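Subject: Structure for you to look at

Hello,

Here is the structure I promised to pass on. My notes follow below it.

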Amino acid sequence: MVDKLKGKVAIVTGSGGGIGRGEALALAAEGAKVVVNDVGAALTGVGGSAKPADTVVDEIKKAGGEAVANYDSVSTPEGGENIIKTALNAFGKLDILVNNAGILRDKMVFNMTNEEWDAVIKVHLYGHFYTSRPACVLFRQQKSGRIINTSSISGLGNRGQSNYAAAKEGIVGFTRTLALEMGKYGVTVNAIRPNAGTRMTISDDMRQAAERTGRTGMIQYMESLKPEDVAPMVVWLASDAASNVNGRNFFVQTGRIALFSEPVQEKVIMKRGGFTVDELFAMLPTTLTQGLINPAPKEVEAPKS
Amino acid sequence: MGDRLKGKVAVITGSGRGVGRGIALLMASEGAKIVVNDLGAAVTGAGASAAPADEVVEEIKKMGGQAVANYDSVATVEGGEKIIKTAIDNFNRIDILVNNAGILRDRMIFNMAPEEWDAVIKVHLYGVFNCTKPASVVMRQQRWGRVISMTSTSGVIGNSGQANYGAAKMGIVGFTYVCARDLGKYGVTVNAIAPAAATRMTMSDEVKAAQAIRAARGLAGAGPASQAPPKDAPPAPRGGADPEDVAPLVTYLATEQAANINGRVFYASGGQLSLFSNPEMVKNIYKQGRWTLDELMGLMPRTLAQGLMNPAPPAPPEPTKPA
């Protein structure tokens, strides 16, 4: 136990397992008092159990730390409020909010049901809002605070995850706005795009598919990326040392951390007044869209015999 | 009248006014048959009226084009399905979907009601899914399609007072990235545009008042209504960026020539068009195994976090006045 977060109170949503558990343990190891939130649901968000959160609370206590469990869902306003209230009731304040809870419902967009879309957006995107809003009320009053949100590299374009990507890039937009709004109150808001082998990223389906196709190397690689390895970066972002880092997002996996660039207008054309369609037909292929490659070009269909 | 979209059928959501209306008119003038969708609501999403959609349909017919009106809300699954069905029922297909409908409910995060969050996410982000899902089923079958969704610099760059809007608009970017990859092999492209124009939505009295408050408090990204143009900016030829100026780029992306453009984000305002970079890992640190916190404390300030500026730093403490 060291003390870089001594006296701080932290909430980690979805910290009954995987990356969230690693974050809760690491924050506690630096002296933070931790609310371990987990509904104890299946990966798809179904069901609920107190066991995962309780187990992590026990782990923290055994290591000499302080922690309480909370079992509310982040996907309702009441759930978010209750999670924040748990920190206030147990420890009297809140300094650090790590929004980590998440589920998956992968499907190609043309096959995605409304329920699959809604469930993922509710847990990830609404889940970030429902906890951040009451936390920001407190952070603004106390003129300090840290929010670390969880996005994903899947947000940048992974087939079959239009719901997940919409939520995860939505979280990046949410992060940028909150950073601008809360910075003046001494609060920073950043996001990580973690990669680790967890029950979410190595599902039983994936394992079986890998065994069927003989491509077990990918599973072994993912298993080598320990979920606990994400936590040090989150602890660093939560510390006073990171006060100049606000509104940014980072890739984090075992032994590798990267800063993502923010979007910039990398190519620009200008004229007085608006362009006409004729002008765009002539100009765009030699300016803005020159060299752009379709990431999923049209499949050439075999001629019918 | 051009013919670059001859025989194509286009749905433009929220095209009763503003940017959407400009897109509907231009696509019609290039030969596309248009579904003019508009709920006819206020900027906040309240109320409904058939008038805005009907007026644009009339405009298109007067210039010799073909168009039908639809008044459904994009914010429900049924609404999205009905909008796409209007294209199928009237014109037998859908080739182009422009997701443009939008509302605003600006509020600082600590004051934002769950209803204000929900209303904006539902119209923008759910709205894009509710229309794109049924359209993608048809486009996949016909092995051709174009989806162009409106995002915003409020999400791509960030803007204070718009946590709901910024989240929705970046969500649309993530959705665009994945749909481009889900649908590209079927001859469908999916792109996004961040437009900036003077419309009823961006220049309402409420928006201008809110921006003035944010500017007075020194908050970042207070918006165009509160900012003087830079001294060396070219003179605005017609008093600003017209909503019609966004339409040529949208129309271009809908044509055959734009087949190589998939999963990208553009900026369009007046006579300025830009391609946005996609996020990339610009600085990396590596080691075998897990970083320790001590290592990060030592390394981060001179690697990844070096030179990062807090975009909204806390004000320095007030100097204490002598007694």
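In this predicted model, B:Arg21 and B:Glu244 form a salt bridge through their side chains, with N to O at 3.2 Å. The two residues sit in distant parts of the chain, 223 residues apart. B:Arg21 belongs to helix 1 (residues 18-29) of chain B. B:Glu244 lies in the loop between helix 7 (205-216) and helix 8 (247-253) of chain B. Both ends are partly exposed: B:Arg21 has a relative accessible area of 22%, and B:Glu244 has 36%. Salt bridges also build a network: A:Arg21, A:Glu59 and A:Glu228 are joined into one by shared partners.

Two other pairs are worth opening.

Start with A:Glu169 and A:Arg193. Their side chains meet in a salt bridge, 2.7 Å from N to O. A:Glu169 is in helix 5 (residues 162-182) of chain A and A:Arg193 is in strand 6 (residues 187-194) of chain A, so the salt bridge ties together parts that are 24 residues apart in sequence. Are these partners buried or exposed? A:Glu169 is buried, at 0% relative accessible area. A:Arg193 is buried too, at 0% relative accessibility. The cut-off for buried is under 20%.

Next, B:Lys185 and A:Glu299. This salt bridge has N to O at 3.4 Å, and the pair crosses between chains. On the chain B side, B:Lys185 is in the loop between helix 6 (163-183) and strand 6 (188-195). On the chain A side, A:Glu299 is in the segment after helix 9 (277-283). B:Lys185 is partly exposed, with 25% relative accessibility. A:Glu299 is partly exposed as well, with a relative accessible area of 45%.

How many salt bridges does a search of the whole structure find? The count is 24 over all chains. Side chains of opposite charge can pair when their charged atoms come close.

Now the chains themselves.

Chain A has nine helices and nine strands. Its radius of gyration is 22 Å, close to the 19 Å that the globule rule gives for 305 residues, so chain A is as compact as a globular protein of that length. The C-alpha trace of chain A spans about 70 × 55 × 35 Å along its principal axes. Of its 305 residues, 58% count as buried. Take the contacts in chain A between residues at least 6 apart in sequence: 68% of them join residues at least 24 apart. The accessible surface of chain A is about 11,800 Å², and carbon and sulfur atoms account for 51% of that. Chain A carries 34 positive and 31 negative side chains. The centres of those two sets lie 4 Å apart.

Chain B also comes to nine helices and nine strands. Its radius of gyration is 22 Å, which agrees with the value near 20 Å for a compact globule of 323 residues. Its C-alpha atoms fill a box of roughly 75 × 55 × 40 Å along the principal axes. In chain B, 57% of the 323 residues count as buried. For contacts in chain B between residues at least 6 apart in sequence, 68% join residues at least 24 apart. The accessible surface of chain B is about 12,800 Å², with 53% of it belonging to carbon and sulfur atoms. Chain B has 33 positive and 28 negative charges, and their mean positions are 5 Å apart.

Finally, some backbone details in chain B.

B:Asn92 has a positive phi, near 70°, and is a residue other than glycine. Where is B:Asn92 placed? B:Asn92 is in the loop between helix 3 (77-91) and strand 4 (96-99) of chain B. At 67% relative accessibility, B:Asn92 is exposed.

B:Arg143 is not a glycine either, yet its phi is positive, about 60°. B:Arg143 lies in the loop between helix 4 (114-142) and strand 5 (145-150) of chain B. With 30% relative accessibility, B:Arg143 counts as partly exposed.

Best wishes

Technical notes
Residues are numbered from 1 along each chain as its sequence is written. Chains are lettered from A and ligands numbered from 1 in the order in which they are written. This is a predicted model: local features need pLDDT of at least 70, side-chain atom pairs count only at pLDDT 80 or more; totals for chains, interfaces and linings use all residues. Side-chain values use heavy atoms; hydrogens and water are left out. A salt bridge is a side-chain nitrogen of Lys or Arg within 4 Å of a carboxyl oxygen of Asp or Glu. Helices (H or I, at least four residues) and strands (E, at least two) are DSSP runs, numbered from the N terminus. Buried means under 20% relative accessible area, exposed over 50%, partly exposed in between (1.4 Å probe, protein chains only). The radius of gyration is taken over C-alpha atoms; the globule rule is 2.2 Å times the number of residues to the power 0.38. Contact means heavy atoms within 4.5 Å. Accessible areas come from the Shrake-Rupley method with a 1.4 Å probe; for residues, only the protein chains shown count as cover. Lys and Arg count as positive and Asp and Glu as negative; His and the chain ends are not counted. The place of a charge is taken as NZ of Lys, CZ of Arg, CG of Asp or CD of Glu.
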